[in-house]
Amino acid sequence: MAELSLMKGNEAIAEAAIRAGCRFYAGYPITPQNELCEYMARRMPEVGGTFIQSESEVAAINMVYGAGAAGARAMTSSSSPGISLKQEGISYLCGSEVPGVIVNMVRGGPGLGSIQPAQSDYFQATRGGGHGDYRTIVLGPGSIQEAVELTMLAFELADRYRNPVVILGDGMMGQMMEPVQFPDGPPPQPPAKPWATTGTRGRGSPNIINSLYIEAERCERHNQRLQEKYRRMEENEPRYELVNPEAEYFLVAYGTSSRICRAVVGRASRDGLRVGMIRPITLWPFPRAAFDRVVERARAFLTVEMSAGQMVEDVRLAVEGRRPVHFYGRTGGVVPTPQEVLARLKLVVEGRGGES
Amino acid sequence: MLHEVLMAGFGGQGVMAMGSLLAYAAMLEGRHVSWLPSYGPEMRGGTANCHVVISDEPVACPLVTEPTAAIVLNRPSLDRFENSVRPGGILIYNSSLIDRAPTRTDVRVVAVPANRIAEELGSARVANMVCLGTFLALTGAVSASSVSQSLRKALPVHRHDLIPLNEAALERGAQLARAG
């Protein structure tokens, strides 16, 4: 491996994208992801790529649609309000099966909200904020090093499934610095894309990228094919980290919340509690298998989010009523402290967990 | 060994730079480290703080809520963070700009006339480095040579003429700590 660099999450994701062969970036500035735009503006010309500060977020996602359709590895990034604007484009990428990577450094909402870190766009990312029966793979990095690895993976998965992939970070993951290493060697070659709109030279008929199926039956067949693809994603792509599989109580958290919970796991064990953590890495497909592994031994789950309670719905679906599922969250850009979470966990242990 | 450091001051006092220099030096020494900024929407004149965690193990929580050491460069930061320092921890405050003494008796309180020393050295802008020097001498969190090496990496080459000034400021801060 190469030498260590101390980088912000935003910068590390941008560099990882370039190392993964991304040569097209379009975006519009918004805090707390500006360092990503800024880094791309500097780096893209150095590698012969294209950086565009677009006139709007809507323009940026449609430029990614176009670049992806022509076969490029393409990315856009924003934060919550800007990602809302991109939803129509994401639906089109899914409908026409064009790969692309979308980074959301989530901030407090709704509306303009705050500029501090939040996780309140989980529903939007995992359910789809645009129209139609579509799915995107959603990756939630828990460290800056993992942000690098997941960014590289995002481009691979996007190409493999011809589908957009969302990297769901938060303001803290974007602006925090940690040491990172990038893999040595040249970027992996993207797979051949015989479907891309690269001109008809050497080929008889033009490729067409489109999401319009005007006859209902044809549109249904298209949907069935998409659903079959999403089922393959659900079979092959769930990823998670399980800390202390032998524990009695499990915290469930991703991204920044998982860092808080990791500290709580250590403190709780010093207080004599047997506490573990399930950290979903793919938020969609949700790693239900992690829950099946521990649910027989577990006494209860405590989901911790920087939201009013979104992922907790997936946790309840995965636990299927077999054990109590509790929730603790902070909203609006407030990051929960380990002390708060530990206090809430102790209530759960005492059987006074509140809502479940 | 675990250092959870909180640094705070006005935007423009070099709080983020001081923190990233410390984090960089820790990385060069092969330690696990995180640097977390926190600021309001304003770039200059607002309050800014950063959290640096240096550990022998992977950093679980980059958020510092009970610092082992706090370095505060202005009065609002002292008022806000004095009570958060862990009992037995260290509180370094910039006595050039802060017009009251801390009241904690269960932490080691160190007054550093950082702006006065920095001005003696020729630039008030290295007041942050004076405080960092005091912190390093008290804790041994990273070596002075790692910080010097970090300065060479962090500063663009056309600013390398500022390195001796920064090193002098670190040394004056360290002397203050050694004088006890």
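Helix 1 (residues 9-19) and helix 2 (residues 34-43) of chain A pack at an angle of about 40°, with their axes 8 Å apart. Helices here are DSSP runs of H or I with at least four residues, strands are runs of E with at least two, and both are numbered from the N terminus. Axes are lines fitted to C-alpha atoms, for helices over the stretch in contact, and angles run from 0 to 180 degrees between N-to-C directions. That angle makes helix 1 of chain A oblique to helix 2 of chain A; under 35 degrees would count as roughly parallel, over 145 as roughly antiparallel, 65 to 115 as roughly perpendicular, and the rest is oblique.

This is a predicted model, in which local features need pLDDT of at least 70 and side-chain atom pairs count only at pLDDT 80 or more, while totals for chains, interfaces and linings use all residues. Residues are numbered from 1 along each chain as its sequence is written, and chains are lettered from A and ligands numbered from 1 in the order in which they are written.

Where helix 1 of chain A meets helix 2 of chain A, the residues include Ile13(A), Ala14(A) and Ile18(A) on one side and Leu36(A), Tyr39(A) and Met40(A) on the other. Contact means that C-beta atoms, placed from the backbone, lie within 7 Å. The crossing of helix 1 of chain A and helix 2 of chain A is right-handed, that is, the near helix is turned clockwise from the far one by less than a right angle.

Chain B offers a second helix pair. Helix 4 (residues 127-139) and helix 6 (residues 163-179) of chain B pack at about 50°, with their axes 6 Å apart. That makes helix 4 of chain B oblique to helix 6 of chain B, and their crossing is right-handed. Among the residues in this contact are Met129(B) and Leu136(B) of helix 4 of chain B, and Ala169(B) and Leu176(B) of helix 6 of chain B.

Here are the residue classes of some contacts. Ala, Val, Leu, Ile, Met, Phe, Trp, Tyr, Cys and Pro count as nonpolar, Asp, Glu, Lys and Arg as charged, and the others, Gly among them, as polar.

| Contact | Nonpolar residues | Polar residues | Charged residues |
|---|---|---|---|
| Helix 1 with helix 2, chain A | six | one | four |
| Helix 4 with helix 6, chain B | twelve | four | three |

Now to the domains. The assignment, which is automatic or from a database, gives chain A domain 1 (5-236) and domain 2 (241-349). Their centres, taken over C-alpha atoms, are 28 Å apart. In the contact, 28 residues of domain 1 of chain A meet 22 residues of domain 2 of chain A. Helix 6 of chain A gives the most to the domain 1 side, with four residues.

Chain A also has an open sheet of five strands, in the order 9-11-10-13-14, with mixed pairing. Strands pair if DSSP finds at least two bridges between them. Strand 9 (240-243) and strand 14 (325-329) of chain A are the edges. Strand 13 (residues 300-305) and strand 14 of chain A pair in the parallel sense over five bridges, and Val304(A) stands opposite Tyr328(A) in strand 14 of chain A.

Finally, the chains touch: 15 residues of chain B are in contact with 18 residues of chain A. On the chain B side, strand 2 of chain B gives the most, with five residues.

Methods: Two residues are in contact if their C-beta atoms, placed from the backbone, lie within 7 Å.
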